[in-house]
Amino acid sequence: MGSVKIIILCTIIAYLVLMVVIGFIYSKRNDNAGDFYLGGRTLGPIVTAMSAEASDMSSYLIMGLPGLAYFSGASEVSWTIIGLFIGTYLNWLFVAKRLRIYSQKTGSITIPDFFSDRYRDNKHVLLGISALIILIFFIPYTGSGFSACGKLFNTLFGLEYHTAMIISAVIIIAYTSLGGFLAASTTDLIQSIVMTLALVVLVSYGVVHAGGVQNVIDNAQSMSGYFSLTSGYNEETGQSTPFGFFPIVSTLAWGLGYFGMPHILLRFMAIRNKDEVRISRRIASIWVIISMFVAMCIGFIGRALSANGTLRIFHGNSDAETLVVELANKMSEHGFLLILAAGLIFSGILACTMSTSDSQLLAAASAMSENIIGGVFGKKLNDKHSMLTARIVCIAIAVLGVVIAWDQNSSVFRVVSFAWAGFGATFGPVMLTALFWKRSNEYGAIAGMIAGGVTVFVWKFLVRPINDALNIYELLPAFVVAMIAIVIGSLVTAAPDQEMIEEFDSVREEAHS
């Protein structure tokens, strides 16, 4: 291994050691399961905002968006960014404050807890279904994060994929199982800063070596359809391809997923004061739109760098996702400071992946230990045993994630896309109706979860492949079906009792105060 790789590796190791140290520090602040899973509802507005967005973005921010922009141009990536931004903003605007108030009133510390407490799920049917959904979608989602880390170390240092993946998983397990929610949220804040710095460094270096902003724009405009919102660029033919109404709607539908993402919704429940949600919303919204826009620009800059011979030409979407890795490697050829900057970028890629994996690991662990073991099976544990169980479950779930990600050729993006649709369709409609529709009840929530989950699978594997007209992202039809099922299921069964109605009204009044 050359001196450049050693310096980059040392930078990454220093970053990873810091994450474990934070986990150790926060391990001393967890006195009970509520602290471990929700941080005692003590998150400040900055940590809440940045940890929510860092856990949301994953490696899609630094690798996925630039690769998509590089390969197919502005249309798909722009509509994706617009959909994700709208979803982020509306989630903070409508869901965050009311969920914070409602979950504290019901004493809920996990999303399945909230659904169960909100609807007085005495038989724990709703609790069990929602916890099972978290396990179904989060274990492979967590595994995809481990896989991304393994592929990064394998590409950079030639480290054997499985060894690299296991090392990455051990580090994430260490600080998450030690420090719980507070450690995950604090490291997510740090990781969001690292991501931001990585994006700034990449753009600055790229623009200079592309010959300036105008050269980047001129190169993009020279390719047919590349800079359009209603057409894409086909690399094989060099011609534009239409990007019409249905693809636009399908792409915008990504924004619906936010209403059902447990690892983001937990941040809303954990903020220390409901009145600080407005500050968090502004911080989160500004960071998200700027960071995604910059990530898209990196893709355009990469195209210009390929055109002038600084970088090779990337073929295919998955190949284009390595743009940032190769750009950072190119940077490392230009002196010590840029070697450190390259190390920062690789740490940023890890940060994207780790900030999502730790939150998913925690959510999956809470679903098993709190909701299935404690709720469904009724095994009541004291605080000491509950904390021990939580840490054991974290480790067990991580091991399952590693097993699922053992195939090096597995597609990270496909797993992420499917899991996003799964949570968006099963939890999103239930969350919205739980917070905003007084007449909704337990039976409607159960019907909505099942209908949404089944539709995701049916549309993805049976309907979508039929023809191009039905090639719509499965989240959109599944979300609509789930919402209809909730309305029908609630209206054909008994109305909520007076206690639930009064609780709903009190939450609404407090949210408006």
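# A walk through the predicted model

Thr455 counts as buried, because its relative accessibility is 14%, and buried means under 20%. This is a predicted model. Thr455 is found in helix α19, which covers residues 442-463.

## Thr455 and Val481

What does Thr455 touch, leaving aside neighbours within four places in sequence? Thr455 is in contact with Lys460, Pro477, Ala478 and Val481. One of these partners, Val481, lies in helix α20, residues 475-491. Seen from Val481, the contacts are Ala451 and Thr455, not counting residues up to four places away in sequence.

Is Val481 buried or partly exposed? Val481 counts as partly exposed, because its relative accessibility is 34%. Thr455, at 14%, counts as buried.

## Separations along the chain and in space

Some pairs lie many residues apart along the chain. The table lists their separations, C-alpha to C-alpha.

| Pair | Apart in sequence | Apart in space |
|---|---|---|
| Thr455 and Ile129 | 326 residues | 16 Å |
| Val481 and Ser228 | 253 residues | 33 Å |
| Ile404 and Phe146 | 258 residues | 9.8 Å |
| Gly2 and Ala419 | 417 residues | 39 Å |

Two residues in the table need placing. Ile404 is in helix α16, residues 383-404. Its relative accessible area is 47%, so Ile404 is partly exposed. Ile404 touches Ile139 and Pro140, not counting residues up to four places away in sequence. Gly2 lies in the segment before α1, a helix that covers 3-27. Gly2 counts as partly exposed, because its relative accessibility is 42%.

## Helix α5 against helix α12

Two packed helices are described by the angle between their axes and the distance between the axes. Here the pair is α5 and helix α12, residues 277-307. Their axes come within 10 Å and cross at roughly 170 degrees. That angle makes α5 roughly antiparallel to α12, because angles over 145 degrees count as roughly antiparallel.

Which residues meet? On the α5 side they include Ala74, Val77, Ile81, Leu84, Phe85, Tyr89, Trp92 and Leu93. On the α12 side they include Val277, Arg281, Ala284, Val288, Ile289, Met292, Phe293, Met296 and Phe300. How do the residues of this contact divide? There are 17 nonpolar, four polar and two charged.

An α-helix has 3.6 residues a turn, so residues three or four places apart point the same way.

## Helix α21 and its cover

Helix α5 also appears in the surroundings of α21. Helix α21 covers residues 498-512 and has 15 residues. From its first C-alpha to its last, α21 reaches 21 Å, close to the 21 Å expected at 1.5 Å a residue.

Which residues of α21 are buried? They are Met500, Glu503, Phe504, Asp505, Val507 and Ala511. What covers the buried residues of α21 includes α5 (74-106), α6 (111-118) and α18 (428-436).

## The loop between α6 and α7

Helix α6 leads on to a loop. Arg120 is found in the loop between α6 and α7, where α7 covers 125-157. Phi of Arg120 is near 55 degrees, a positive value in a residue other than glycine. His124 has its place in the loop between α6 and α7. His124 is not a glycine, yet has a positive phi of about 60 degrees. With a relative accessible area of 31%, His124 is partly exposed.

## A hairpin of two strands

Now to the strands. Strand β1 covers residues 231-234, and strand β2 covers residues 239-242. They pair in the antiparallel sense over four bridges. Which residues are bridge partners? Asn234 has Gln239 as its partner in β2. Gly232 has Thr241 as its partner in β2.

How many residues lie between β1 and β2 in the hairpin? There are four. In the turn, Gly238 has a positive phi of about 75 degrees. In a regular strand the side chains alternate between the two faces of the sheet.

Terms used: Residues are numbered from 1 along each chain as its sequence is written. This is a predicted model: local features need pLDDT of at least 70, side-chain atom pairs count only at pLDDT 80 or more; totals for chains, interfaces and linings use all residues. Side-chain values use heavy atoms; hydrogens and water are left out. Buried means under 20% relative accessible area, exposed over 50%, partly exposed in between (1.4 Å probe, protein chains only). Contact means heavy atoms within 4.5 Å. The expected span of a helix is 1.5 Å times one less than its number of residues. Axes are lines fitted to C-alpha atoms, for helices over the stretch in contact, and angles run from 0 to 180 degrees between N-to-C directions. Angles under 35 degrees count as roughly parallel, over 145 as roughly antiparallel, 65 to 115 as roughly perpendicular and the rest as oblique. Ala, Val, Leu, Ile, Met, Phe, Trp, Tyr, Cys and Pro count as nonpolar, Asp, Glu, Lys and Arg as charged, and the others, Gly among them, as polar. Two strands pair if DSSP finds at least two bridges between them.
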